[in-house]
Amino acid sequence: MRIRRLIVTLVILSILLAGCGKKESDVGAQTGDNTVFSMKVDSIIDKENSSGAEKSMDEEQFAEPVKFECMEIIKSASPDSGLVQIDDMVFQYGAKFSEIANVVEQSECTYEAEYNISSVVPAGETLGIRFYKEEEPYFMICVENFKTETVELKDCIVYSIRAQNASMGNAYYAGFSDETMNYTTVKDAIKDYEPEQEIFGSDIHGNKELGIMYSFPFQENEMFVYFIFDGISNELLKFEIAEKSYDRVAWLW
């Protein structure tokens, strides 16, 4: 009887020990689980990445825009030359569009525009190509086919160069300098010419602006240059060279 009880006791003990061993093994597996360890590592990595991302966003947000100084060719140019500098590019009013496109391609900056230099333009037709920089309208080139037959876009003639608001500070008209362009400095740069018009207008937000138009002889024709200034600060907001004189309604605002 004692032997039987001893056997039963041993069996019960072996069962309990087996159960305890399994439980300890499971706990060990959980405490050493790679998933738990990975979660801890990931949280550290995410924290570092998040910090890096915030730093990158801060650096991008507060990064100073690239400043391009006025080139000597612009400083020494006559206002009737039709030369315009935008960033590191110099455009010639009256040139073929192929020349403009070539200058843009050689720039150290990146611009976005939709055009096919080999597309066809019927006789007498015009086309405007808007160039974007960092998703902002930066400058616009308008061309016209002055031929009596259809030609490719590359052979059309530039009849308008417009420096948009976003390019100000990096856009210079012939005779400009590195000074901050405002009403006074612009008039000083073109002091040998009297403005044809000076009129007030408003932008789409109702902000008051002052517009000044000059006319210059160019080759066998005449070209018109428009400057738009902030009505309060007098700072230059944008300018354009065009082949024709706009009426009050058609001004840049």
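This passage describes several loop residues and a charged surface patch in a predicted model.

We can begin with the loop between α4 (97–105) and β3 (120–121), where Ser 107 is found. The relative accessibility of Ser 107 is 11%, so this serine counts as buried, the cut-off for that class being under 20%. Two contacts involve the side chain of Ser 107. One is a polar contact of 2.7 Å that joins it to the side chain of Asp 88. The other runs to the backbone, with the side chain of Ser 107 reaching the nitrogen of Cys 109 at 3.0 Å.

Further along, the loop between α4 and β3 also holds Ala 113. With a relative accessible area of 30%, Ala 113 is partly exposed, whereas Ser 107 is buried. For readers who like to follow the fold in space, Ala 113 offers a handy pair with Pro 137: the two residues are 24 apart along the chain, and their C-alpha atoms are separated by 9.8 Å.

The charged surface comes next. Glu 112, Glu 134, Glu 135 and Glu 136 together form a negative surface patch. One member of this patch, Glu 135, sits in the loop that links β4 (126–133) to β5 (136–144). Glu 135 has a relative accessibility of 71% and therefore counts as exposed, since that class begins over 50%.

Backbone geometry adds two residues worth a look. Most residues other than glycine have a negative phi. Asp 87, which is not a glycine, nevertheless has a positive phi of about 55 degrees. This aspartate is placed in the loop between β1 (83–86) and β2 (89–92). Its relative accessibility is 0%, so Asp 87 counts as buried.

The second case is Asn 234, also not a glycine, with a positive phi of about 70 degrees. Asn 234 belongs to the loop between β11 (221–230) and β12 (236–242). At 33% relative accessibility, Asn 234 counts as partly exposed. The two positive-phi residues can thus be set side by side: Asp 87 is buried, while Asn 234 is partly exposed.

Taken by loop, the picture is easy to retrace on the structure above. Between β1 and β2 lies Asp 87; between α4 and β3 lie Ser 107 and Ala 113; between β4 and β5 lies Glu 135; and between β11 and β12 lies Asn 234.

Notes
Residues numbered from 1 in each chain as written. Predicted model: local features only at pLDDT ≥ 70, side-chain atom pairs only at ≥ 80, totals over all residues. Heavy atoms only, no water. Patch = residues over 30% accessible without salt bridge, like charges linked within 9 Å, V, L, I, M, F, W, Y side chains within 5 Å. Areas by Shrake-Rupley, 256 points an atom, 1.4 Å probe, with all protein chains shown as cover. Salt bridge = Lys/Arg side-chain N within 4 Å of Asp/Glu carboxyl O. Lys, Arg positive; Asp, Glu negative; His and termini not counted. Charge placed at Lys NZ, Arg CZ, Asp CG, Glu CD. Helix = DSSP H or I, 4+ residues; strand = E, 2+ residues; numbered from the N terminus. Buried < 20%, exposed > 50% of the residue type's maximum accessible area, 1.4 Å probe, protein only. Polar contact = N/O pair within 3.5 Å; in protein donor to acceptor, adjacent residues only side chain to side chain.
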